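Here are some notes for a colleague who is meeting this structure for the first time. They are best read with the sequence and the model side by side.

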Amino acid sequence: MADTALTANKKAIFGLSMGHFMVDLYASALIPLYPFLTSKLGIKLSTISLIIACGHLFSSMMQPLFGFIADKMRHRTFMVWGLLMGAVFIPLTVAANKAIFMALCLLIGMCGNALFHPQVTSLVNTFNYNNPDLSKYMGAFMGLGTIGYALGPVMSSTLVEYFGVYSLSYVTILGVLTAVILYFQVPKIPPSTINKSKENFFKIMKEILKKKTYLSLIWIAVVKSGVSISFGTYAPFIFKEKGFTLSQIGIIISLFFILSGISMLTSSKIEKRIGAENIIRLSFWTILPLVMLFMLTIDKFPALAVAIFVLTGYFTFLSVSVAIVAAQNLMKEHKGVISGVMQGFSWGLGALSLAPLGYIAEIIGVEKILIIMALLAFLTGCFGITKDLKQVFKECV
């Protein structure tokens, strides 16, 4: 291919982005339904929090390993089967009549998510052929996935409220069709990009976890994930308590993540103006004051509170593509592994916070949980960027 060093396979990137859209659509479909499932199955808030945390933790912790395997694969197996698993088992979760069956379907569906993400995120880098605009294409890829994540709640809540719990099975058909299209849309993996290194998985992970630079990037990703998951899990309980309907809650959560997707589509332009370090600080510093405003207005000015909550989504995800590109540039030979760490492993650690937070929420209330997570984000913006990481941003991003 002529001038491959400066080109991007836009057809491949578009296909990967559309697959990302569908996978994340399924991943978020259950968010507004957690209060519904809690009542339907007769379980406590702490129990559903534990189930959700375990599902996220298991699937997310597997992503670095799946990324390691994907780096050595000539086939796009994970990409296709990951989408199919989410398309089939996430809708079955809502139809469950027992908590154990719900947990099993959730676990399998999330495993599909874990299979999908490391390989396709790595392939976005692969099919950019060292294009200097990688941040822009990665932002588009991440943004479309987040917009899919945003539409999942409004899709699921509307279907369940008006057509019943089995109506989500219709969306399975879309996932199957997308998987077929994805298989033919995305080219085969170039042999030259396949990692032939004999390093084992645990050695690579040890290398990642012993370096302060990687740990800084991982911590930034963990905090972002924790904020996103806790807001998505507990905000529906707040809105339900304030009298919002199921479909209204779904729309609000969807708007939160639509703004998150838009933030990733625009982050590369903002980064060019203020720098990677400042875009992370902007992302984390704004969450706390917005959450405080949300709490102050939710009773007397609910429409304003909703607008503030939705705006919080924009700043929560503003730093995502910047951090991922920095990590991939640091570890070019193991893009799948580091992508799995930045997206999956970090998301799993963030989700792990749900287990204790569910119990704490029963004691102090869900509103205070959002404040705690926002405060953690603020402190990360203050102290989470090390000197080594500042240098990495200057050299790699």
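1. A contact, as the word is used in this note, means heavy atoms within 4.5 Å. With that in mind, a good place to begin is Ser 28, which lies in helix α1, a helix that covers residues 10–28. Leaving aside residues up to four places away in sequence, Ser 28 touches Gly 148, Tyr 149, Ala 150, Gly 152 and Pro 153. The relative accessible area of Ser 28 is 0%, so this residue is buried.

2. Please keep in mind throughout that this is a predicted model. The mean pLDDT of the protein is 81, and 92% of the residues reach a score of at least 70. Among the elements, helix α13 (residues 287–297) has the highest mean pLDDT, at 95, whereas helix α19 (residues 387–396) has the lowest, at 68.

3. Residues 1–6 deserve a separate word of caution, since pLDDT stays under 50 over that stretch. The model nevertheless has eleven contacts for residues 1–6 beyond four places in sequence, and I would ask the reader to view these contacts together with the pLDDT, which is the predictor's confidence in each residue.

4. Turning to the aromatic rings, the structure holds 13 aromatic pairs. One of them joins Phe 231 and Phe 309, whose rings are stacked, with 6.4 Å from centre to centre and 20 degrees between the planes. Because Phe 231 lies in helix α10 (residues 212–241) and Phe 309 in helix α14 (residues 302–316), the pair ties together parts that are 78 residues apart in sequence. Both partners are buried: Phe 231 has a relative accessible area of 1%, and Phe 309 has one of 2%.

5. Phe 231 and Phe 309 also belong to one aromatic cluster, whose other members are Tyr 149, Phe 239, Phe 244, Phe 256, Phe 257, Phe 294 and Phe 317. The Tyr 149 of this cluster has already appeared above, as one of the residues that Ser 28 touches.

6. How many disulfides does the count give? The count comes to zero, where a disulfide would need a pair of cysteine sulfur atoms within 2.5 Å. For Cys 105, the closest cysteine sulfur is that of Cys 111, and it is 12 Å away, which is too far for a bond. Cys 105 is buried, with 2% relative accessibility, whereas Cys 382 is partly exposed, with a relative accessible area of 30%.

Notes: Residues numbered from 1 in each chain as written. Predicted model: local features only at pLDDT ≥ 70, side-chain atom pairs only at ≥ 80, totals over all residues. Heavy atoms only, no water. pLDDT = per-residue confidence, 0-100. Helix = DSSP H or I, 4+ residues; strand = E, 2+ residues; numbered from the N terminus. Phe/Tyr/Trp six-rings, centres within 6.5 Å; stacked < 30°, edge-to-face > 60°. Buried < 20%, exposed > 50% of the residue type's maximum accessible area, 1.4 Å probe, protein only.
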